[in-house]
Amino acid sequence: MKILIIGGGAAGFFAAINIAEKNPDYKVTILEKSNKLLSKVRVSGGGRCNVTNARSNPSELVKFYPRGQKKLHTLFKVFSTSDMVDWLAAKGVQTKAETDLRMFPKSDTSQTIIDCFQDTAKKHKVEVLTNCAMNSFYQKGEKWVVETSNGVHKSDKLVIATGSSPSLWKSLEKFGFEIEPPVPSLFTFNISDQRIRGLQGLSFDSATVKITGTKLVDIGPLLITHWGLSGPAILKLCAWGARELQEVNYRFDILVNYL
């Protein structure tokens, strides 16, 4: 059995490793369009990689997801955050929980997670091909055919783990998948305001940020940057308000209580 996985990020590696572990006789190959692997893992959590969460009850965990709670609840019952902790521990990676219940490797570096993924993939003979951008894919008989910038690849099963890819979404629609119209999320606020100029790098452990005219409000760490505002309080606000903010074309007023 040949398995092709499109995408060399966290999802692609995690899928490849689990397939190869459970099926040693399978030939598993990851196709990555760039020459960089797990690049988003490297920068996540400020370079420390917040790999999972200490909340293990699915009913409690899904409350922190703005959308898709029902489907996520079903998935978390199959594989929970505690399962992720055990999965990493079995591979020699110890984790720790912080006060906000985010979990990081004890090493406090994302390189630990990158090494774990790459070393485990290598151990289970997962082939990784970089600079291999997918141009198209289709079924021919019982096989999947993937045309790439680095030749044609065939497989019995195909796993799509490319993350945000509008061109791929259009291809998936042809196979009957329903694509929810995407909007940006987890972005920082670009603000040109004289009152915060010259304050770049100033942070607050707990500030309240509210978007006027909405019910969107959050309390958390806040950072003033050279382009505006960032930090967990801002990121959580735009995650919960992704569609509302898109509807007003990302022009809105905010109230900030730094105290």
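The questions and answers below go through a predicted model and set some of its values against the terms used to describe them.

Q: Why is Cys116 not counted as part of a disulfide?
A: A disulfide needs two cysteine sulfur atoms within 2.5 Å, whereas the sulfur of Cys116 is 10 Å from the closest cysteine sulfur, which belongs to Cys49, and this is too far for a bond. Cys238 is in no disulfide either, since the nearest cysteine sulfur, again that of Cys49, is 20 Å away. A search of the whole structure accordingly finds zero disulfides.

Q: What makes Cys116 and Cys238 count as buried or exposed?
A: The word buried applies under 20% relative accessible area; Cys116 has 6% relative accessibility and therefore counts as buried, and Cys238, at 0%, counts as buried as well.

Q: How do you know what span is expected for helix H6?
A: The expected span is 1.5 Å times one less than the number of residues, and H6, which covers residues 111-123, has 13 residues, so that 18 Å is expected. From its first C-alpha to its last, H6 reaches 18 Å, close to that expectation.

Q: Why are the buried residues of H6 said to lie on the same side of the helix?
A: The buried residues of H6 are Ile113, Ile114, Cys116, Phe117, Thr120 and Ala121. They cover an arc of only 160 degrees around the axis, and this is why they are placed on the same side of H6. On the other side of the helix, Asp119, Lys122 and Lys123 are exposed.

Q: What covers the buried residues of H6?
A: The cover includes helix H1 (10-22), helix H2 (39-43) and helix H5 (81-90), together with strand S5 (102-105). Just after H6 the chain comes to Lys125, which takes a positive phi of about 60 degrees.

Q: Why is Gly213 called exposed?
A: Exposed means over 50% relative accessible area, and Gly213, with 86% relative accessibility, counts as exposed for that reason. Gly213 lies in the loop between strand S12 (203-211) and strand S13 (217-224). In space, Gly213 and Asp253 are 8.4 Å apart, C-alpha to C-alpha, although 40 residues separate them in sequence.

Q: What makes S7 and S9 the edge strands of their sheet?
A: This open sheet has three strands in the order S7-S8-S9, with antiparallel pairing. Strand S7 (134-140) and strand S9 (151-155) each pair on one side only, and that places them at the edges. Neighbouring strands of the sheet are turned by 20 degrees against each other on average, with direction ignored.

Q: How do you know that S8 and S9 pair?
A: Two strands pair if at least two bridges are found between them, and strand S8 (residues 143-148) and S9 are joined over five bridges in the antiparallel sense, so the condition is met. Val145, for instance, has Lys154 in S9 as its bridge partner.

Q: Why do S11 and S15 stand at the edges of the sheet of five strands?
A: The order of this open, antiparallel sheet is S11-S14-S13-S12-S15. Strand S11 (189-190) and strand S15 (254-257) each have a single partner strand, so one side of each is left without a neighbour in the sheet. Elsewhere in the sheet, two bridges join S13 to strand S14 (residues 228-230), and these strands run antiparallel; the bridge partner of Ile224 is Leu229 in S14. Helix H8 (residues 232-240) packs on the sheet, where it touches S11, S12, S13 and S14, and its direction makes about 135 degrees with that of S13.

Conventions:
Residues are numbered from 1 along each chain as its sequence is written. This is a predicted model: local features need pLDDT of at least 70, side-chain atom pairs count only at pLDDT 80 or more; totals for chains, interfaces and linings use all residues. Side-chain values use heavy atoms; hydrogens and water are left out. Buried means under 20% relative accessible area, exposed over 50%, partly exposed in between (1.4 Å probe, protein chains only). Helices (H or I, at least four residues) and strands (E, at least two) are DSSP runs, numbered from the N terminus. The arc is that of the directions from the helix axis to the C-beta atoms. Contact means heavy atoms within 4.5 Å. Axes are lines fitted to C-alpha atoms, for helices over the stretch in contact, and angles run from 0 to 180 degrees between N-to-C directions.
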